[in-house]
Amino acid sequence: MPPVGRNVIARRTVVRAGLAAAGTGLLAGCTSGADLPAGLVLPTDPSVSLAEARRPASGVVRAYPVSAQVDTVDLGGPAVTTWTYGGQLPGRELRVRVGDTVEAVLANRLPVETSIHWHGLALRNDMDGAPMLTQPAVPPGGTFTYRFVAATPGTHWLHPHSGTQLDRGLYAPLIVEDPAEPGDYDQDWLVLLDDWVDGTGRTPDDVLADLRAGGDHMAGMSRAAGRGGDVDYPYYLINGRIAEAPVGWTGTPGQRARIRLVNAASDTAFRVAIGGHRLRVTHTDGFPVRPVDADALLIGMGERYDVMITLADGVFPLVALAEGKAGGALGLIRTGAGEPPLTTVRPAELDGALTGYPSLVAESRVRLPARTPDVEHRLDLTGGMMGYRWGINGAPLDMSQRLPVRQGQRMRIVFTNHTMMWHPMHVHGHTFQLGNSGPRKDTVIVLPGRKVACDLDADNPGQWMIHCHNTYHSEAGMATVLGYRS
Ligand code: C2O
Ligand code: CU
């Protein structure tokens, strides 16, 4: 067995790429290495292993073999040929306890290279799964062993980080349980939301090509003001199922159910409500907030919310409406007798009180201590549908550029949205806090014309992506790299 944290790069990877240097010089995002700013803390830097050694580890190793493969999947009627983890949609749940070591062997059986990103975990940089930045991409036929301590409790997920792969079926839930957190609930349900196009006549690569050619633009323009996304999808899914063949959860009246919502979609925010129930919001992006009650919530791509409900008696729809689009996804909660609702059911709660970031307050145990930022980075979100060009500070991703930070600094990132579209901005390897006492998050929706300040402690050395979690925006350039310097 390799020592903890050592990459196991399949021999084929090295041979094919012809670069034994892949683990050192070429990594961190640049083809020549020479263009990179000096003094960067690369994924191979000893400080990365040092940070890992400081994470409290239980010593328990949790194996998670995962095969990325081509498959035909039944969405509950339509059968689609797509790419999945292990033939399932979503991929098999990975559930560990905080401090456990995840050992995930990825076997790439896809026709293209891939990798896995562990969204929400502040993990060691060389396991973050950002191709050419933190590891060489895993070639077709290759394998890669991810080995890291899962130190961030909460509801997270995993997905690839290449091209438009996320808009296929490559995603799975990742739950890190915290034994120190009182689990006052009887049921623990996972709800993975997705927008679906792959295998319906277009692939996500076709969608991107159409966007660049201005195709889906027209569809967008024809919709009413407040466009929800750039792409019209034929299906919206909960746990891989269309509304006509919904997933179901069962319980008994009076039980408390913890529902973990993950938005794994590429271009769709969802408005979520449960008929006959109020939602008590307890966590976002894995971090606890002071519980607040709401009728509905809006969840952007990459975001997670945990909500608690007290089960009523009967059959109830969990509806996830595609915000600003036509259609939605459905799941059914059964605790007693009753007819299932129509697939087009729209519970009144959808129009009720919505939770928003201003109503969320971080639980004191996860609140960042007040501190004046040592460094502030202003990230203007720029671009538009013309030519489908998106960027940050007027330019698309440049892997030779870095937003500098040093270990130990308090950093403020100010996102300002100068576009007509909203963007869920995600920071790898860290969680930030909104304002002085707002929620701790790793993904935040920035609405058109709005400014959002995110404060974080630079405590995880390495090189980290910051990007829009709209798969198409990110692929079109709305991304940048946070680079620790020594
Ligand atoms: Cu879930 Cu870089 O993303
Ligand atoms: Cu975006």
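User: What makes the place of His119 a strand?
Analyst: His119 is found in strand β7, residues 117-119. Strands here are DSSP runs of E with at least two residues, numbered from the N terminus. This is a predicted model, where local features need pLDDT of at least 70, side-chain atom pairs count only at pLDDT 80 or more, and totals for chains, interfaces and linings use all residues. Residues are numbered from 1 along each chain as its sequence is written, chains are lettered from A and ligands numbered from 1 in the order in which they are written, and side-chain values use heavy atoms, leaving out hydrogens and water.

User: Why is His119 called buried?
Analyst: Buried means under 20% relative accessible area, exposed over 50%, and partly exposed in between (1.4 Å probe, protein chains only). His119 has 0%, so it is buried.

User: How do you know that the side chains of His119 and Asp442 make a polar contact?
Analyst: They are joined at 2.9 Å. The term asks for a pair of N or O atoms within 3.5 Å; within protein, one must be able to donate a hydrogen and the other to accept it, and residues adjacent in sequence count only if both atoms are side-chain atoms.

User: What makes His423, Cys468 and His473 donors of the copper ion (ligand 2)?
Analyst: Donors are N, O and S atoms within 2.8 Å of the metal (3.2 Å for Na, K and Ca); water is not among the atoms, so sites may look incomplete. His423 (ND1), Cys468 (SG) and His473 (ND1) lie 2.0 to 2.1 Å from the copper ion. His423 is in strand β27 and Cys468 in strand β32, so the pair ties together parts that are 45 residues apart in sequence. Both His423 and Cys468 are buried.

Conventions: Helices (H or I, at least four residues) and strands (E, at least two) are DSSP runs, numbered from the N terminus.
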